[in-house]
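This briefing introduces the pockets of one protein and the surroundings of its ligand. Please keep the sequence and the structure in view while reading.

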Amino acid sequence: MRTVAAHDLEQTAKALVAPGKGILAADESTGTIKKRFDSIGVESTEENRRAYRDLLFTTEGAEEFISGVILYDETLRQSSADGTPFPELLSSKEIVPGIKVDLGAKPLAHAPGETITEGLDGLRERLPEYYELGARFTKWRAVIAIGAGLPSEYCVWTNAHALARFGALSQEAGLVPIIEPEVLMDGDHTIERSFDVTSRVLHGVFTELRDQRVHFEQMLLKPNMVLSGYDASEQADAAEVATQTLRCFYRHVPAAVPGVVFLSGGQSDEDATAHLNEMNASAPHPWELSFSYGRALQAPALKAWGGAEENVEAAQRAFYARARLNGLARSGSYSPDMEKVAA
Ligand code: 13P
């Protein structure tokens, strides 16, 4: 077994939350990227997936705001148009390559409407190859839904247990785990309910992480923000989202964790940036507060691209603009009027 010094893992975790920067989540599974491509009328072939990721990764200057990229297994093995393997291309720009290692959320037995994330069997054997291919961090996503009587404690704790097993195995293999317990914001629940469920989930996750000896200094947390349900008639504003999210995290996330990298989870790209900005406006906090956005970083680029080679530059401009605004939100320096200039 390779031994990677604890120091290296801590350095990687810190580099991923360096000031002014955050993570691009480009680890859509083959099923998910098909959905994204369907929305712009592009066929999801291996070459189209490669070309789209190539466009993102070769965007000039994106490394000013992007510290790391989460890849999917297929993408980790693909190359840029000039033949440079993607992990090598990213590393050459001092962007840390990472890999999604879970195998997706599957129905949880005896728990209608709830899921458990799979992928622990054989994980220890898969990790060294990812390291050899250039990955320096990993991600595992657990999914928790809010509904009538949901989530059950059973769902919260089985997912927390799996996240911790993933975390310990990753650290053992010299990879920084990104622990992602996502409470979905679909539904008409209030922000108070979101606060309550997110608190229960973080309590379960940090209890399991501690019990399974995961080193907090060598991991990142990728959570949802505390929001009103997307269908709720009353929507909390950015100030309230920041207050409730911070209150929840101060109670549950140890200060030894170097960074919290939020998922966007279906918020509009502008909301995701504004919410992060609002939280950083009241810095300092015990941890860096950053982003690990998929949709909120990619939506304008995907639309501008539309699958056409002649739109690559426009798509790269759109990606750069979004990355820059989120980079500004890392220090509370973003304001919504910057959107017009960016457009
Ligand atoms: P979104 O920001 O689109 O929620 O994606 C982040 C992610 O990696 C989900 O696993």
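Sorted by class, the lining of the largest pocket consists of 9 nonpolar, 8 polar and 13 charged residues. The model discussed here is a predicted one. The points below treat this pocket, then the ligand, and finally the second largest pocket.

**The largest pocket**

- The volume of the largest pocket is about 630 Å³.
- Its lining is made up of 30 residues, and those closest to the centre of the pocket are T32, R36, R141, E182 and R295.
- Three elements each give two or more residues to this lining: the helix α2 (30-38) and the strands β6 (137-144) and β7 (176-183).

**The ligand and its shell**

- Which space does the ligand take? The ligand takes the space of the largest pocket.
- The ligand exposes 300 Å² when taken alone, and the protein buries 91% of that area.
- Around the ligand there are 13 residues, of which K139, K222, S264, G265 and R295 come nearest.
- R295 therefore appears in two lists, since R295 is among the residues closest to the centre of the largest pocket and also among those nearest the ligand, where a residue counts as near if one of its heavy atoms lies within 4 Å.
- By class, this shell holds 3 nonpolar, 4 polar and 6 charged residues.
- The elements β6 and β10 (288-293) each give two or more residues to the shell.
- β6 also gives two or more residues to the lining of the largest pocket.

**Polar contacts of the ligand**

- In S264, a polar side-chain atom lies 2.5 Å from an oxygen atom of the ligand.
- For K222, the distance from a polar side-chain atom to an oxygen atom of the ligand is 2.7 Å.
- In the side chain of E180, an N or O atom is 3.1 Å from an oxygen atom of the ligand.
- Both S264 and K222 also belong to the residues that come nearest to the ligand.

**The second largest pocket**

- The second largest pocket has a volume of about 180 Å³.
- It is lined by 13 residues, and A51, D54, L55, E309 and V312 are the closest to its centre.
- Which element gives the most to this lining? The answer is α3, with 5 residues.
- Both α3 (46-57) and α12 (312-329) supply at least two residues of the lining.
- By class, the lining of the second largest pocket comprises 6 nonpolar, 3 polar and 4 charged residues.

Note on methods. Residues are numbered from 1 along each chain as its sequence is written. This is a predicted model: local features need pLDDT of at least 70, side-chain atom pairs count only at pLDDT 80 or more; totals for chains, interfaces and linings use all residues. Side-chain values use heavy atoms; hydrogens and water are left out. On a 1 Å grid over the protein atoms alone, a cavity is a set of points where a 1.4 Å probe fits but cannot get out, and a pocket is an open set with protein on both sides within 12 Å along at least five of seven lines; lining residues have an atom within 4 Å of a point. Grid points are joined across faces, edges and corners, and a volume is the space filled by probe spheres set on the points. Helices (H or I, at least four residues) and strands (E, at least two) are DSSP runs, numbered from the N terminus. Ala, Val, Leu, Ile, Met, Phe, Trp, Tyr, Cys and Pro count as nonpolar, Asp, Glu, Lys and Arg as charged, and the others, Gly among them, as polar. A polar contact is a pair of N or O atoms within 3.5 Å; within protein, one must be able to donate a hydrogen and the other to accept it, and residues adjacent in sequence count only if both atoms are side-chain atoms. Accessible areas come from the Shrake-Rupley method with a 1.4 Å probe; for residues, only the protein chains shown count as cover. A molecule sits in a cavity or pocket if more than half of its atoms lie within 2 Å of its grid points.
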